[in-house]
Structure formats: structure tokens, C-alpha cells
Amino acid sequence: MWSDLIAVGRDPSTGGYRRLAWTRTDHDLREWFSAAADSRGLDVTVDRCGNQWAWWGDPDANPGVVTGSHLDSVPDGGAYDGPLGVIAAFAAVDVLRGNGFAPARPLGIVNFCDEEGARFGIACAGSRLLTGALAPDRALALRDKDGVTMAEALVTAGRTTSIGRDDEALARVGAFVELHVEQGRGLAERESPVAVASAIWPHGRFRAELPGEANHAGTTRLSDRVDPTLAYARLILAARESAQRHGAVATCGKVRIDPNGVNAIPSLVTAWIDSRGPVGDDVRAVVAELTALAESAGGTLTEESWTDATTFDTDLRKRLSHALGEPPVLDTGAGHDAGILAAHGIPTGMIFVRNPTGVSHSPAEFAERDDCLAGVTALTTVLADLAGSPA
Ligand code: GLV
Ligand code: MN
Ligand code: MN
């Protein structure tokens, strides 16, 4: 399975993946998912929002145990963030079947669409739409960098725009366990190749709009300029300083400068800030300071998405920990569809696979093969425990 996917959406110049939602590459990944399910005799359903589900057993008989993750990536992402959880899910089913396991509850594998929000800006769009956390009208109107709306992208991909909360699909999920590569160094120095997740930090994305006055780069005196890149530079420095002071993190990873000419003073800077931290009020304090700074420059800072702190279901976490021999328990600053389902009230847990460098959202993201296999074993153990008895 790993070698099937290794070339899909990979940029040869960087080695990173560009698997953006509802593109041709995404289509190829979705086809791969369907074929992987078909070849195992699993029944594929697609919910209103385009998330794919592969079922072992009748998903309407009683609430199932679901695992899986996502196949999309950030621009220039790594191979593991998302695909490891989907591949491990199919591999775990193979092991269970090889062992003659007979599930007492339906067992599902999900491929959540548009987890990274790399194209339209809202992370976990598939699971947020599914649970009703993201309004369909807002989602459909989101635009990518070329001005294509999500509605147009869905139509191009052959999907309906009749997206939205899907209670039928949600009712099938009695419990959800997502396996994911660890995205920090939480396990790098530990004996255990796997961990169980306790919580996801509160996190949000914000858009700054800093207006300027277009003018000639050669003839406009410095004192006459209204150059929004200066305000942007101040914003970047303030984000770092403020995050440090409040025990949070803040990242200025995406910017658009209009009209983007080398010999013109820009008329507008649009910049995105991602801020997260263990304590929501601290992240909010960072955002408040940056909002004041943007406004003092005649601009705005607008919230594009916000996710409160997620604490995973305590009983399920204890059950996973017990089944896995009490591995380390980690919280994370990375967002996941598991967090969205947990916030919706579905008992949800996560298993992390050791990342020896901690690097993620980068072509350099890596996990040792043996650790990935230990992840499959851990997921198999957990699924056998959860699906071995009726709900
Ligand atoms: C998703 O991976 C995120 O944490 O941004
Ligand atoms: Mn990611
Ligand atoms: Mn991920």
C-alpha cells in the first residue's frame, strides 16, 4: 500500500506532496481508497460531504468502531501525515482477518476529505461539514488561490454541492480511533514506538488585511509612501514576541502581496496567522494583540477558524492505554479530524507513531518502518478490543 501511494502527488523538485482537496491528485487518492476497500470486500459509502467510508459488516446494524485518517496534504507535505492512518487501518483489517477475527460490531475505515484545509483555508473541512461545525454556505463560497470556489471545485470533481451535516453517517460511528504520525519529538527519546493522545491544543487561523497605496517604486519619496509590507513585518515580529510571552506559538506561513510587482509599492498585504497553545485564553491574548496592531495600521485581523481545546474521551483513552500496555500519553499542537468528532460527542481516541526527528508538514517527515508496523499492531489490538464485543 505504501508503494502504491508513494508517487501520487509528489513534487519531483522538492520530494514533498501536493495533495490538495478536490484536485486530480485527490481524485486518484480517492480511487485508490475505493480500490483498497473493494479488493477486501469492504462496502464503500460516501457521506454528504464526500468523506469515504469502507465497512466490514453492516454499518446500519449497530454503531461501528471506525478508524482511518486523511489522504490530503499541506503544500509540500510529508508522506506520513494522514496516509499512515489510512494504510494502517487497511493493514489492521488484514491482520484481524488473518487471525480469523469476527467483529461483533461493524468496523469502518474512513478517508476524511480536505483535512489540511490547504486549498480553501479551513482545516478539517470534511469532518466539520459532517458534524455541522462548518456551515455549508460558508464552505461552498471559500476560494482557493486561483479564485475557484469550493462549490466549483466540488462540481469539477463530480460531486454534489448539497453538502452538510449528515446524521445518518454520524450515527454509524460508535467510536473513532485515528492513528497518526507524531508531529513533534514526544516519542523521539522514549522506548515506546507508540503513544496514546490525551488532548489537542486550542488553535485557530486568522487573516490579516493590511491596505497600502499603490505607487511607483522609483519616484515615490519614502516619506510619502503607505507601504503595507512594513505593517506586515511588524506583525510577524509581534506574533513571535507575543506568542513567546503568552506561552503559545504563532506562525506567519502564508502571504499574498498585491499586485505583486517588483517595481510597485503594494496596495494590499493579505497574510495568514496560525496560533495555538496549551491554554485557549493565552492564544486569544496573542490574537487580541495582533488584532490591535493590524487595526493601528488601518487593517483588520479576521478569524477564519477556531477550535477549542479537545480532551479525548477519558474512558476510551484508558481502554486504549490498558490494551496497549500503558504507553506514553501525549497532548499535541496539531489538529485532527479526531478532534472534530470528539467535540461532536463521539467517543474518540488517537494513537501516535514515533517520529524520530519531530519534523512534520515537510518533505522531511519520517517514521521508521518498524515503528509504523508497531502502530499497525497497536491499532489491531485496539480494534480487536473495541469491536470484539457488541456496542
Ligand atoms: C493539521 O495538520 C494542523 O494541525 O494544521
Ligand atoms: Mn497535517
Ligand atoms: Mn494529519
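A search of the whole structure, which is a predicted model, finds zero disulfides. The model also holds two manganese ions, ligand 2 and ligand 3, which lie 3.6 Å apart. The points below take the cysteines and then the metal site.

**Cysteines**

- Cys124 takes part in no disulfide, and the nearest cysteine sulfur, that of Cys113, is 11 Å away.
- A pair of cysteine sulfur atoms counts as a disulfide within 2.5 Å, so the 11 Å between the sulfurs of Cys124 and Cys113 does not qualify.
- Cys124 is buried, with a relative accessible area of 4%.
- Cys252 is partly exposed, at 24% relative accessibility.

**Manganese site**

- The manganese ion (ligand 2) has as protein donors Asp81 through OD, Glu116 through OE, listed twice, and His361 through NE2.
- These donors lie 2.0 to 2.7 Å from the manganese ion (ligand 2).
- Along the sequence, the donor residues of this ion follow the spacing D-x34-E-x244-H.
- Asp81 sits in the loop between strand 3 (64-70) and helix 3 (83-98), while His361 sits in the loop between strand 15 (348-353) and helix 12 (369-387).
- The pair Asp81 and His361 therefore ties together parts that are 280 residues apart in sequence.
- Asp81 coordinates both the manganese ion (ligand 2) and the manganese ion (ligand 3).

**Accessibility of the donors**

- Asp81 counts as buried, at 5% relative accessibility.
- His361 is partly exposed, with a relative accessible area of 40%.

Conventions
Residues are numbered from 1 along each chain as its sequence is written. Chains are lettered from A and ligands numbered from 1 in the order in which they are written. This is a predicted model: local features need pLDDT of at least 70, side-chain atom pairs count only at pLDDT 80 or more; totals for chains, interfaces and linings use all residues. Side-chain values use heavy atoms; hydrogens and water are left out. Donors are N, O and S atoms within 2.8 Å of the metal (3.2 Å for Na, K and Ca); water is not among the atoms, so sites may look incomplete. Helices (H or I, at least four residues) and strands (E, at least two) are DSSP runs, numbered from the N terminus. Buried means under 20% relative accessible area, exposed over 50%, partly exposed in between (1.4 Å probe, protein chains only).
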